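Here are my notes for you to read alongside the model. Take them one point at a time.

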Amino acid sequence: MRKRTLVLAAALTTGLLALPVTTTAASAAPSGLQGDFNGDGYRDLAIGVPAGISGATDAGYVTVVYGTSAGIDPAKHKMISQNSSGVPGSSEGGDSFGAELATADFDKDGYTDLAVGAPGEDVGPNSDQGSVTILWGGSAGVSGGTTVSVPKAFDGSMIGSELAAGDFDGDGSADVVVSTPQSDLQIQHGPIGRSGGAGATETVHIPAETGTFVRNLTAGDVTGDKKADLVIQARKDDEGQSQAWLYTGSATGLVKSWQLPDSDEAAIGDLDKDGYRDIALGDSYETTAMGGRVTIVHGASSGIDTTKGVSFHQSTPGVPGSAEPGDMFGGALAIGDTNGDGYGDLVIGSPGEDIGTKPDAGCFVVLRGSASGVTTTGAKSFSQDSTGIPGSVEKGDLFGSALQLSDTNKDGRADLAVSAIGEAAPQESVRSGAVWRIRGSSTGPTATGSMAISPDDAGRPWDDETFGAALTG
């Protein structure tokens with residue numbers, strides 16, 4: 001999965017909810033493939049847009065772009081909001097539906113489902129209580145939805161601001177974990193039915209100071225025991241001291257196991273092909289390294305291999321660029337095998353990177369995995385100034401805001417989705433955001449054949465939005 005990294009204030013003034021929807025034809029039986037919402041064997045991409053819709057400022061929506069043999073195809077997409085048929089609630093100003101996303105097959109029917117956070121949702125008398133809705137996968141793609149019950153909620157609790165999904169207790173059913181106020185997490189254990197029925201609810205207390213809020217949740221099996229583990233990252237305020245922990249999955253629930261380096265973004269994947277997934281931790285506010293730092297923590301049966309570990313910043317030899325204040329190096333992270341060699345590769349977003357004379361234009365860096373872990377050998381950097389990448393470098397684009405790696409064309413190599421939530425509309429009067437698809441190849445991500453997906457490709461006007469604030473698939 002990957003995650004929202006930045007949120008810009010956005011206002012949408014116009015927009016149509018009705019649009020033609022085309023999906024790829026699904027096979028007779030769903031693929032069961034993670035990220036395949038319509039079961040046709042190709043992974044799809046969900047784009048969260050916590051912006052306006054139907055004149056409601058910051059109401060929010062999600063666009064699902066379906067995978068094909070040629071990769072994700074904007075012509076095969078579906079837009080879903082709380083005004084869509086079968087989806088609980090209605091689009092209201094400030095809901096921020098789509099601010100956070102997570103995927104899993106929650107009802108065990110073979111189709112991937114999509115959990116969507118709406119942290120600004122008003123519920124009953126509670127303003128900004130927040131909500132989480134599961135949108136259901138099926139042969140025709142994503143449709144309908146069910147609200148996840150979150151009993152510990154009240155005025156201003158912002159439920160759904162952070163989400164993660166995985167089988168944390170190893171019972172074969174996917175669970176969803178939701179951040180709640182006062183440094184607590186709630187896990188709704190699966191299976192979760194379309195009528196709202198679900199398993200037990202578990203509350204996890206994290207050891208944080210008063211006033212600390214959960215900044216990020218990332219799920220993945222680090223210990224190799226077939227149970228999902230959870231990286232929890234928290235921060236006292238937007239630019240205060242960060243904290244991070246690894247909670248390991250068990251039959252009785254999540255267990256606090258390791259303190260991790262201070263950080264606020266994470267990705268999980270096997271970088272050295274030793275059978276254990278590793279953790280990349282991004283601290284984009286790191287001041288010693290000026291522009292941000294990424295630390296690699298290697299997985300092991302106990303949780304963490306303390307004999308390994310390395311940090312990277314833009315002053316590290318071999319890493320493209322140079323460390324400068326405000327680069328936000330590590331502000332987004334993704335791990336996937338982009339060249340088909342069996343090693344996970346690390347993609348690092350640096351949305352605050354200045355390109356030439358354009359401040360905050362943004363870029364991303366690719367570091368290859370190897371038998372010894374991440375290496376700077378063959379490192380690459382891409383921006384909108386790179387040959388083959390559509391668009392042009394502009395001030396405030398924030399290219400690299402969010403990242404997602406998955407094999408969308410079934411060629412054995414992970415393709416990259418990267419957003420620039422500050423991307424300006426063609427007339428440059430508004431900043432709508434956009435998402436790029438960059439294919440994997442034998443040499444890793446390649447600009448050749450890359451394409452951009454803008455709001456109008458998804459049936460939306462170029463208005464003030466945050467298109468690409470969250471990506472998953």
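1. How much area does the protein expose, and what share of it do carbon and sulfur atoms supply? The exposed area comes to about 15900 Å², with 49% supplied by carbon and sulfur atoms; areas here follow the Shrake-Rupley method with a 1.4 Å probe.

2. Keep in mind that this is a predicted model, where local features need pLDDT of at least 70 and side-chain atom pairs count only at pLDDT 80 or more, while totals for chains, interfaces and linings use all residues. Residues are numbered from 1 along each chain as its sequence is written, and side-chain values use heavy atoms, with hydrogens and water left out.

3. On confidence: pLDDT (the predictor's confidence in each residue, from 0 to 100) averages 89 for the protein, and 89% of the residues score at least 70. Watch residues 1-27, though, where pLDDT stays under 50. Where pLDDT is low, the predicted coordinates should not be read in detail.

4. Looking for helices? The protein has zero, against 28 strands (DSSP runs of E, at least two residues; helices would be H or I, at least four).

5. Of the 473 residues, 62% are buried, meaning under 20% relative accessible area with a 1.4 Å probe, protein chains only. Among contacts (heavy atoms within 4.5 Å) with a separation of 6 or more, 56% join residues 24 or more positions apart.

6. Strand β25 (residues 415-420) gives the most to the lining of the largest cavity, with three residues. Others in that lining include Asp44, Ile72 and Arg437.

How values were computed:
1 Å grid on protein atoms, 1.4 Å probe; cavity = no way out; pocket = protein on both sides within 12 Å on 5 of 7 lines; lining within 4 Å. Buried < 20%, exposed > 50% of the residue type's maximum accessible area, 1.4 Å probe, protein only.
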